[in-house]
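Please read these notes with the structure open. They are numbered, so that replies can go point by point.

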Amino acid sequence: MDRRSFLKVGGGLIFLAACRNSTPQKEWEKSRKIPIFVDSNRKVGHQVRTAISLPVSSTETIDTLIVGGGIAGLAAACSLPSDNYVVCELDTNFGGTSGAISINNQLYSQGAHYDLAYPNHYGKDGLELLQKLNIIDFNAKSKLWEFKDKEYLIPAGLEEACYYNGNKRESVLENTELRQNFVALLKEYEGQFTLPSTLISKELHHLDQITFYDYLNKYLPIDDKFMESIDYQMLDDWGGTSTQVSALAGIHYYKSRPYYDGKEIELLSPPQGNFYFIQKMMQQLNPNQLKSNHLVFGLIKEKDHWLVDVYDNENSTRKQYKANQVIYAGQKHALKYIHPESYASFSDIQYAPWVVMNIEMEECSLKDSKWQNDFLSPDNTFLGFVDSTIQTKNQPRVLTAYFCFPEVHHYQIENLEEDANELVEETIEKISQYYDENIRPFVKRVHIKLMGHAMPIPSPNYITKERTLVKDGLAFAGVDSGRFPLMFDAMDSGIQAAKALFDE
């Protein structure tokens, strides 16, 4: 089974048959303006100047303050020995890059959207938390930790299809002789690549010194077509192509689970995506201690405690917390403003900006739809889309499209806050091309989530660089703390940060 990623294409409008019949698109339909709603917390993050000028409205003393309410921050909260904590999340909703949106009382993913059954050699701490959350059980026959909620498993025959140059095929990486040689090349790493990434043997760290492209080019007669597929898959998990990510990251993608040995691996993808894990963790925590719309904009060490400045965006007030410990699970690029002394450990990190687009559909019939619908093209930012009808029955159909932009285009995403119409129209055209049917007459509304710093790109030296992760009661968590941008690594980083503080 291939893991997947997506790529953006541009192009002219293609007039295709409508979903329910073959009548031409009406003139009024062409000019119909589709309602578009854009969600971005960038402007809130830029309100620090306002926050600094405000008087402190309240001061509270707590054991632990956690910055960031994504997978890492909530996993840290679930792992604390004391319940005297507060989690501050900048966004209106918790989840971070595993967020979700409610459409007609049904949640749909706006970020990471699936995970796979876990091998038994994965990290003990993460597996124990997933057991505690009642998510997994060990299957002695398959030797995998499998999911308990079987209704959210994607049937093998409906997992994916790949659109490439006008044709569909079963997977991104075609079963050619070159692919067979590629699989044989990586066979020596069987069982050696695990999660969390901190458990990878130091004997393999030399693979973090070169790019995945250089590694493949050394051992295989690679060609452009093969590398196009490899790059597509690298963009999936890592946000960069084979020339950007390390060989350690590239090999991990294929060898962290038994993808090519004929085994079926459970794939969990609820309609809300990995927000499913967020919900499970939040059920274990006190909702009164989870503070959304709370921007942490200052960390100062004062003798035996940390003074934390927080802007409550909902009430436009400034708060302060006196915390014995702080777990920073927010994006590390912001440290240059929040705690400059710590920024040096993370200044090398490059982030891949992502955009997620939820397209609400009227009832229509689309042929040969799969859960994940990959789209390869010469352009390299449009990602493809997920069809919710494979995930849930008797609910509104939502097509969720994914975009991964180059790191250098980070600021261009801000333009989408003002005008996203062109990107929406282009996306609808490409999905119509995929189905060979015009879907525009059946698009009701579009919701866009902008994530300017969605995931760290595991470039050479990223994983093995020495970083100060725990010092003076301040611990760092999150995938941008030198981890792979994967759910299990994010979760483990939070667990280890909580442990480290109380072992310090």
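1. A definition to begin with: two strands count as paired if DSSP finds at least two bridges between them. The model discussed here is predicted. On that rule, strand 3 and strand 13 (residues 290-291) are paired, because two bridges join them. The two strands run parallel. Val87 has Leu290 as its bridge partner in strand 13.

2. Strand 3 also pairs with strand 2 (residues 56-67). The sense is again parallel, and four bridges are found. Here Ile66 is the bridge partner of Val87. Val87 therefore has a bridge partner in the pairing with strand 2 and another in strand 13, as the bridge rule reads them.

3. Which way do the residues of strand 3 (residues 85-88) point? Tyr85 and Val87 point one way, Val86 and Cys88 the other. That fits the general pattern: in a regular strand the side chains alternate between the two faces of the sheet. Tyr85, Val86, Val87 and Cys88 are all buried.

4. Cysteines next. The structure holds zero disulfides. Cys88 is in none, and the nearest cysteine sulfur, that of Cys78, is 16 Å away. Cys88 counts as buried because its relative accessibility is 2%. Cys364 is buried too, at 11% relative accessibility.

5. Cys78 belongs to a covered helix. Helix 4 (residues 71-79) has eight of its nine residues buried. The buried residues are Ile71, Ala72, Gly73, Leu74, Ala75, Ala76, Ala77 and Cys78.

6. Now the eight-stranded sheet. It is open, with mixed pairing and the order 1-21-17-20-19-18-10-11. Which strands stand at its edges? They are strand 1 (36-39) and strand 11 (167-169). Each has a single partner strand, so one side of each has no neighbour in the sheet. Neighbouring strands are turned by 20° against each other on average, direction ignored.

7. Within this sheet, strand 10 (residues 160-164) and strand 18 run parallel, joined by five bridges. Tyr164 stands opposite Leu376 in strand 18. Helix 8 packs on the sheet. Among the strands it touches are strand 10, strand 11, strand 17 (351-361) and strand 21 (443-456). The direction of helix 8 makes about 130° with that of strand 18.

8. How do helix 8 (residues 224-238) and helix 9 (residues 247-255) cross? Their axes come within 10 Å and cross at roughly 90°. Helix 8 is therefore roughly perpendicular to helix 9. The contact divides into six nonpolar, three polar and two charged residues. Helix 8 contributes Ile230, Gln233, Met234, Asp236, Asp237 and Trp238. They meet Ala249, Gly250, His252, Tyr253 and Tyr254 in helix 9.

9. One loop residue deserves a look. Thr381 is found between strand 18 (372-376) and strand 19 (382-387). Is Thr381 buried or exposed? At 6% relative accessibility, Thr381 counts as buried. The C-alpha atoms of Thr381 and Tyr232 are separated by 9.9 Å. Along the chain, Thr381 and Tyr232 are 149 residues apart.

10. Last, a three-stranded sheet. It is open and antiparallel, in the order 7-9-8. Strand 7 (118-119) and strand 8 (136-139) are the edge strands, each pairing on one side only. Strand 8 and strand 9 (residues 144-147) run antiparallel, joined by four bridges. Asn139 has Leu144 as its bridge partner in strand 9.

Notes:
Residues numbered from 1 in each chain as written. Predicted model: local features only at pLDDT ≥ 70, side-chain atom pairs only at ≥ 80, totals over all residues. Heavy atoms only, no water. Buried < 20%, exposed > 50% of the residue type's maximum accessible area, 1.4 Å probe, protein only. Axes fitted to C-alpha atoms, helices over the stretch in contact; angles between N-to-C directions. Parallel < 35°, antiparallel > 145°, perpendicular 65-115°, else oblique. Contact = heavy atoms within 4.5 Å. Nonpolar A, V, L, I, M, F, W, Y, C, P; charged D, E, K, R; others polar. Disulfide = S-S within 2.5 Å.
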